[in-house]
Each structure stands twice: as structure tokens, then as C-alpha cells.
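Before reading on, please take a moment to look over the sequence and the fold shown here. The report below is meant for someone meeting this structure for the first time.

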Amino acid sequence: MADAHLPALPGLAGAREYHVSIGPTFMPIATGDKKTGLNHSPLTQQLVEALREKIMSGELASGERLVEERLSEEFAVSRMPVREALRQLASSGLVIIEPRRGASVAQFHGDLLRELVEVRATLEALNARLAAKRHDPQQIAELEALLAEGVKNAHSGDDEVLATLNQKFHSALGKVAANSVLQEVMLSLRDRTAVLFAPRSRERAPQNWEEHAAILRAVIKGDPELAGLLAARHIYNAAGIEP
């Protein structure tokens with residue numbers, strides 16, 4: 001992933017060049033830090049996406065502290081948009097904010113971990129079953145292209161690229177399933193469970209994409225039960241726990 005240098009934000013002391021990774025490409029962060037509308041500003045949203053991808057790729061580990069001052073220095077912005085970005089990530093379950101301790105990447109243990117995986121596996125199975133019933137040739141072609149890209153990157157790809165491709169594959173499968181309510185429910189759940197999968201994602205990348213290929217074959221074949229079974233098994237395997 002090539003770095004693109006961007007001009008420093010005007011008005012900041014010690015302005016310097018910086019770059020912010022937003023998925024597989026780099027985007028300029030908008031200037032400004034006004035309180036009005038800050039939670040919807042391009043600056044805040046780009047910080048949210050940058051931090052989300054770092055968490056989902058495992059670059060920011062489960063339980064790791066997220067210090068506002070350190071993050072504002074890393075992204076060359078003031079602390080206000082960093083604070084708002086952390087609040088948004090907390091609302092989606094990716095970040096925990098505690099009094100006197102501040103923010104940290106969410107971590108899950110024991111019963112809560114299993115409960116999250118059980119719900120994700122159940123819903124992914126439903127997603128795959130619906131996709132097998134409703135498969136559209138054009139959407140299947142998109143899935144096949146994503147699968148080919150994932151397999152190509154599985155052995156030597158960048159962690160953030162792999163995390164993005166994985167997210168795109170599951171989202172594309174959701175398009176084939178064509179159930180907007182299910183996709184809305186899955187959105188935050190996929191983010192939360194990605195924290196659980198991140199430590200194993202690098203070593204499991206080839207296996208993950210083999211399992212994706214098997215799910216897609218069942219979808220193309222129009223076999224809802226097999227597709228659902230494989231999708232549920234994939235989630236348990238990714239989490240490293242028994243069904």
C-alpha cells in the first residue's frame with residue numbers, strides 16, 4: 001500500500017506533512033475543528049474509518065489503550081475530533097471508554113465472547129442461506145472477483161488490505177442475500193467480532209479464503225443448507241472456538 005503525503009492542517013503549531021491510512025487508499029483529512037457539527041464532519045469520519053481499520057486488522061490490539069494525545073499527534077490533528085471519533089467507535093462496540101482510564105480497544109472474554117460468536121454464526125448462516133436462494137449472476141460475479149483478490153493476497157498481503165477484502169466479501173454476500181434488515185443488524189456485529197478474529201486473521205488468511213470459496217460454491221450451486229452450515233462453521237473457526 002503506497003503512502004501519499006498530504007499537507008499538514010493549517011493553524012496547527014509545528015505543522016508538518018502527514019498521511020492517514022483509510023483502507024487501501026489515502027484520503028486528505030478536511031481542515032477545521034469546529035464544535036458545531038463536529039460529529040458529522042469529514043475530519044471526524046475519516047478518523048473513525050482510519051481507527052476502525054487499524055482495530056479490525058489487529059494493528060490496534062484488543063485491550064490496547066487509545067490515548068487521545070498520542071492519536072492526535074499521530075494524525076496531526078487536535079484532540080477534539082479524536083475524542084469524537086472514539087465516542088463513535090464506542091457506540092459501535094469497538095472501543096470501551098471508562099472513567100479515569102480513558103479509551104481502549106474492546107476486549108471480550110468468557111460468556112460474552114461465546115455469545116457474540118454464536119449470534120454472528122447464526123446470522124451469517126441465515127445470510128448464506130438467503131444468498132443461495134436468491135443468487136443474482138451479476139452479484140455472484142462481484143463475489144468471485146473479491147474471492148480471487150482475497151486468495152491472491154492471502155499468503156503475502158497487507159493485514160489492512162486483507163481485513164478490507166474480508167469485510168467486502170461478507171458485505172457482497174449480504175447484497176446477494178437481499179435482506180436489508182439482516183444487513184443492518186450484521187453491520188455493528190461484524191465490527192465487534194472483528195476484534196475477536198484479528199489476532200488469528202494473519203495466520204488463518206489462507207484458510208479463511210478457502211472457507212469463503214466453499215461458501216460461494218454452495219451459494220452458486222443453490223444449496224441453502226450447505227451454504228448456511230459452511231458459513232456458521234467459518235465463524236467458529238475464525239474465532240477459534242468449538243460450536
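What follows goes from the overall layout to the sheet, the helices and a few single residues.

## Overall layout

This is a predicted model, and its protein chain contains eight helices and five strands. Read from the N terminus on, the elements of the protein chain follow the order β-β-α-β-α-α-β-β-α-α-α-α-α.

Of the 243 residues in the protein chain, 48% are buried. When contacts between residues at least 6 apart in sequence are considered, 69% of those in the protein chain join residues at least 24 apart.

## The three-stranded sheet

Three strands make up an open sheet, in which the order is β3-β5-β4 and the pairing is antiparallel. The edge strands, each of which pairs on one side only, are β3 (65-66) and β4. In general terms, the strands of a sheet pair through backbone hydrogen bonds, either parallel or antiparallel.

On one side of the sheet, β3 and β5 run antiparallel and are joined by two bridges; here R65 stands opposite S104 in β5, while L66 stands opposite A103 in β5. On the other side, strand β4 (residues 95-98) and strand β5 (residues 102-105) also run antiparallel, and four bridges join them. In this second pairing, the residue that stands opposite A103 in β5 is I97.

Helix α3 (residues 79-91) lies across β3, β4 and β5, and its direction is at about 110° to that of β4.

## The turn between β4 and β5

Strands β4 and β5 form a hairpin, with three residues between them. R100 is found in the loop between these two strands, β4 and β5, and has a positive phi of about 70° although it is not a glycine. With a relative accessibility of 86%, R100 counts as exposed, because that value lies over the 50% cut-off.

## A recorded coiled-coil region

An unreviewed UniProt entry lists residues 109-136 under the name "coiled-coil region". In the model, the chain over residues 109-136 is 89% helix and 0% strand, and the C-alpha atoms at the two ends of this stretch are 39 Å apart.

Residue A125 lies in helix α4 (residues 110-134). A125 has a relative accessible area of 7% and is therefore buried, as the cut-off for burial is under 20%. Leaving aside its neighbours within four places in sequence, A125 is in contact with G228, A231 and A232. For one of these partners a separation can be given: the C-alpha atoms of A125 and G228 are 3.9 Å from each other, although the two residues are 103 residues apart along the chain.

## The packing of α6 and α7

Two packed helices are described by the angle between their axes and the distance between the axes. For helix α6 (residues 159-177) and helix α7 (residues 180-221), the angle is about 90° and the axes are 8 Å apart. That angle is why α6 is described as roughly perpendicular to α7. The residues of the contact of α6 with α7 divide into nine nonpolar, seven polar and four charged.

The residues of α6 that meet α7 include L162, L165, F169, H170 and L173, and those they meet in α7 include R190, A205, W209, H212 and I215. In the loop between α6 and α7 is A178, a residue other than glycine whose phi nevertheless has a positive value, near 60°. A178 counts as exposed because its relative accessibility, 51%, is over the 50% cut-off.

## A buried histidine in α8

The last residue to consider is H234, whose place is in helix α8 (residues 224-239). Is H234 buried or exposed? Its relative accessibility is 4%, so H234 counts as buried.

Once its neighbours within four places in sequence are left aside, H234 is in contact with H170, N208, E211, H212 and I215. Among these partners, H170 also belongs to the set of α6 residues that meet α7, and H212 and I215 are likewise among the α7 residues in that contact.

Note on methods
Residues numbered from 1 in each chain as written. Predicted model: local features only at pLDDT ≥ 70, side-chain atom pairs only at ≥ 80, totals over all residues. Heavy atoms only, no water. Pairing = 2+ DSSP bridges. UniProt positions renumbered as here; feature names shortened; annotations may be inferred. Axes fitted to C-alpha atoms, helices over the stretch in contact; angles between N-to-C directions. Parallel < 35°, antiparallel > 145°, perpendicular 65-115°, else oblique. Contact = heavy atoms within 4.5 Å. Nonpolar A, V, L, I, M, F, W, Y, C, P; charged D, E, K, R; others polar. Buried < 20%, exposed > 50% of the residue type's maximum accessible area, 1.4 Å probe, protein only.
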